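The exercises below are to be worked with the sequence and the model side by side. Try each task before reading its solution.

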Amino acid sequence: MLAKTTLKNAFPIIILTVIVAICVTALTFTESITRDKIKAQEEQKIQHMLSAIFPDMSRYDFTNDIYTIYSDGAKVGYAFLAVGKGYGGDISILVGLKDETTVKGITIVSHSETPGLGSRIAESSFTDRFIGLNVEDVALRQEGGQIDAITGSTISSRAVIDAVRTTAMEKVKQLTESEGRE
């Protein structure tokens, strides 16, 4: 009688354990099948964004979180991801530099800013303001920089500007240190 009660109580646990094991196996199998496809799509997305900033790009190398861009064997610039804290959350930005001091362009990779206001950071009317600027001039105009904030979305604008400037300064320092050692 006791064995029968114990088995009756253990039966749901055994069934749930089998179901969980089947689900874990199925998820692991699905992930292994789709991993390469997802990675290829991400690579294609990055390549598309890089070629939007560097239209003459023929290839790139990725080392130490920095993309080195080449055109027919000649180095034409660098790119990296910058992340800023906007009003609605993180803003991911792909920043292109034509050399260690000059911004080639930026692309907003992702954001969750307010539609109609903060989301205007992704429009070319804002992102084009960075083209050709010295990294040190990437700041709001009222703070001595060369960029005006978007009216009504100062927090989002400031997040992009600060992320581009701060990350660019870090990456430029990293580039000059690595080139100095070579």
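Two strands count as paired if DSSP finds at least two bridges between them, where strands (E, at least two residues) and helices (H or I, at least four) are DSSP runs numbered from the N terminus. The model is a predicted one, in which local features need pLDDT of at least 70 and side-chain atom pairs count only at pLDDT 80 or more, whereas totals for chains, interfaces and linings use all residues. Residues are numbered from 1 along each chain as its sequence is written, and side-chain values use heavy atoms, with hydrogens and water left out.

**Exercise 1. Determine in which order the five strands form the open sheet, and which strands stand at its edges.**

Solution. Begin with the order, which is 1-2-3-4-5, with antiparallel pairing. Strand 1 (59–63) and strand 5 (103–110) each have a single partner strand, so one side of each is left without a neighbour in the sheet. From one strand to the next, the twist averages 25°, angles being taken from 0 to 180 degrees between N-to-C directions of axes fitted as lines to C-alpha atoms, for helices over the stretch in contact.

Next, take one pair in detail: strand 2 (residues 66–71) and strand 3 (residues 74–85) run antiparallel and are joined by five bridges. Within strand 3, Ala-79 is the residue that stands opposite Tyr-67.

Finally, add helix 1 (residues 2–53), which lies across strands 1, 2, 3, 4 (90–97) and 5, and runs at about 145° to strand 5.

**Exercise 2. Describe the surroundings of Ile-108, stating whether this residue is buried or exposed.**

Solution. First place Ile-108 in strand 5. Its relative accessible area is 12%, and Ile-108 is therefore buried (buried means under 20%, exposed over 50%, partly exposed in between, with a 1.4 Å probe and protein chains only). Then list its contacts (heavy atoms within 4.5 Å): not counting residues up to four places away in sequence, Ile-108 touches Ile-91, Ser-92, Ile-93, Ile-121, Ala-122, Thr-127 and Val-160.

**Exercise 3. Identify which residues of the largest nonpolar core touch the most other members.**

Solution. Such a core is a set of buried Ala, Val, Leu, Ile, Met, Phe, Trp, Tyr and Cys residues joined through side-chain atoms within 4.5 Å. Of the 25 residues in the largest one, Ile-93, Phe-130 and Val-160 touch the most other members. Strand 3, strand 4, strand 5 and helix 3 are the elements that give two or more residues to this core, and helix 3 gives the most, with seven residues. Apart from this core lies another, of ten residues, among them Met-49, Leu-50, Ile-53 and Tyr-67.
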